[in-house]
Amino acid sequence: MKRALITGVTGQDGSYLAELLLARGYEVHGVTRDADEVVTEGVTAHELDLATDSSIAELIASVEPNEIYNLAALSSVYQSWQNPTLTARLNGAVVAEMLAAVKLLHDRGDVDIRFVQASSAEIFGAPTVAPQNEETVVRPTSPYGAAKAYAHGLVGAYRTAGVAASSVILYNHESPRRPETFVTRKITAAAARISKGLQETLELGNLDAQRDWGWAPDYANALFLAAQHSEADDFVVATGVSHSVRDFVEAAFVRAGVADWRERVQVADSLLRSGDAPVQMGDASKARRVLGWSPTVDFDEIVAAMVDHDLALLS
Ligand code: GDP
C-alpha cells in the first residue's frame, strides 16, 4: 500500500486530494494545525502548527511516505500583505525544512520520497506575456508570490541535488469548498443571498482582473499525476482560458436569477490590491503532453456548480 503525506489536508485542495488518494487505496496522512480542523474521514491526522513548530522533518522520517504533497500555505494574496512574515514562514521556510528532510532520507538510502509542491501563478507577478508557461520569468509582485517563488526555486535546487521534487504551478482553481476570502465564492455566496432577499449589495475590488479559473478537483488530479511521473519537473496547470471578475459576477448573478447585477455591485477602493496581475492565463501544454492531464470542467460549469451549491445551502 502506498503512503502519502499531505500538508494543508483540511483545505480545499487537500480535501479533494485526500479523497482521490483514499479512493486509490493509499494510506493517507495529513498535517493539521489544531484539533478543531475537520479532516477527511480515513485520513490519519497529525497535529502540527507549521507556523511555529519545526518538527515536520521528524514527522516525515516517522511516516516515511512514498509521496508528499505540500499544500499548506497562507493561501490569500490579500492576507499576505497583512502578514508577510508568516507568509515567508509558511509558504517559504517550511518548504526548505521539508525538502531538507526528504534529501536526508534520500541520501541515507532510507526511503525515496516523491515531493510535489503546490506552486502558484502568483510567482509570475503581473506577467507581460500571455499565456505563461514553465519558462516565463519569475517576478512576483506580492509577499505571497515572493514566498511561493522562493519555494519554487528551492524545489528546482533540490531536484538538481537528486530529490524527486516537482513544482506544479497552479492557476486559480475553485469549487464549493472555497472560502469566501476568494472572489469566486464571495460572489456566488452573495449572488445566492441576494436572490433570496437576504442581502442587498456586494462590495468588490478590481472587476477588470482576468483570471484563468479551473475546477479544483482537476488540479488535485494534476498534483497526483505529477507525483506518479517518473521524472520530477515543473508543470503549469491551467485551463488556458481567462475571464474577468466582471464576467464571473455576471455569470453568477444570471445563474442565481438576479437580473440587475450592476445595481447590486459596488467597487470599494479598500479591496483593490497592489501588484494585482491584470491578466493571468496559463499554458498547460506540457502537463497535457507529459502527464496526460487536461481540465474537465469549464468556466460556466464552475460558476453553475458554485452558485447551485450556495443556493442549496440557503434552502
Ligand atoms: P488569488 O488570485 O489567489 O488572490 O484569488 P482571489 O480570488 O482572492 O482574487 C482573484 C482576483 O479577484 C484578484 O485579481 C483580485 O484583485 C480580484 N478581486 C476583486 N474583488 C475582490 C474581492 O472582493 N475579494 C477578493 N478576494 N478578490 C477580489
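Trainee: Why is glutamate 64 called partly exposed?

Mentor: Its relative accessible area is 30%. Buried means under 20% and exposed means over 50%, with partly exposed in between (1.4 Å probe, protein chains only), so at 30% glutamate 64 gets the middle label. Keep in mind that this is a predicted model, where local features need pLDDT of at least 70 and side-chain atom pairs count only at pLDDT 80 or more, while totals for chains, interfaces and linings use all residues. Residues are numbered from 1 along each chain as its sequence is written, and side-chain values use heavy atoms, with hydrogens and water left out.

Trainee: What makes the backbone of glutamate 64 worth a look?

Mentor: Its phi is positive, about 45°, although it is not a glycine. Glutamate 64 sits in the loop between α2 and β4 (67-70). Helices (H or I, at least four residues) and strands (E, at least two) are DSSP runs, numbered from the N terminus.

Trainee: And in α2 itself, why does isoleucine 60 count as buried?

Mentor: Isoleucine 60 has a relative accessible area of 0%, so it earns the buried label. Its helix, α2, covers residues 56-63.

Trainee: How do you know that strand β6 is largely enclosed?

Mentor: Count its residues: 6 of the 7 in β6 (residues 164-170) are buried, so the rest of the structure largely encloses the strand.

Trainee: What makes β5 and β6 a pair?

Mentor: Two strands pair if DSSP finds at least two bridges between them. β5 (residues 114-120) and β6 have 7 and run parallel. In one of these bridges, valine 116 partners serine 166 of β6. β6 also pairs in the parallel sense with β11, over 4 bridges, and there serine 167 has aspartate 234 of β11 as its partner.

Trainee: How do you know that both faces of β11 are covered?

Mentor: In a regular strand the side chains alternate between the two faces of the sheet. In β11 (residues 234-237), Asp234 and Val236 on one side and Phe235 and Val237 on the other are all buried.

Trainee: Why does aspartate 310 count as buried, and what does its side chain touch?

Mentor: Aspartate 310, in helix α11 (residues 299-314), has 4% relative accessibility, so it counts as buried. Its side chain makes a polar contact of 2.7 Å with that of threonine 188. Such a contact is a pair of N or O atoms within 3.5 Å; within protein, one must be able to donate a hydrogen and the other to accept it, and residues adjacent in sequence count only if both atoms are side-chain atoms. The aspartate 310 side chain also reaches the backbone nitrogen of alanine 189 at 3.2 Å.

Trainee: Which side chains have polar atoms by the ligand?

Mentor: Arginine 211 has a polar side-chain atom 3.0 Å from a ligand oxygen, and a side-chain N or O atom of aspartate 276 lies 2.7 Å from one. The ligand alone exposes 530 Å², and the protein buries 94% of that (Shrake-Rupley method, 1.4 Å probe; for residues, only the protein chains shown count as cover).

Trainee: Why do you say that the ligand lies between two domains?

Mentor: Domain 1 (3-173 + 215-237) and domain 2 (178-211 + 241-280 + 297-314) both give residues to the shell around the ligand, so it lies between them. Those bounds come from an automatic or database domain assignment.
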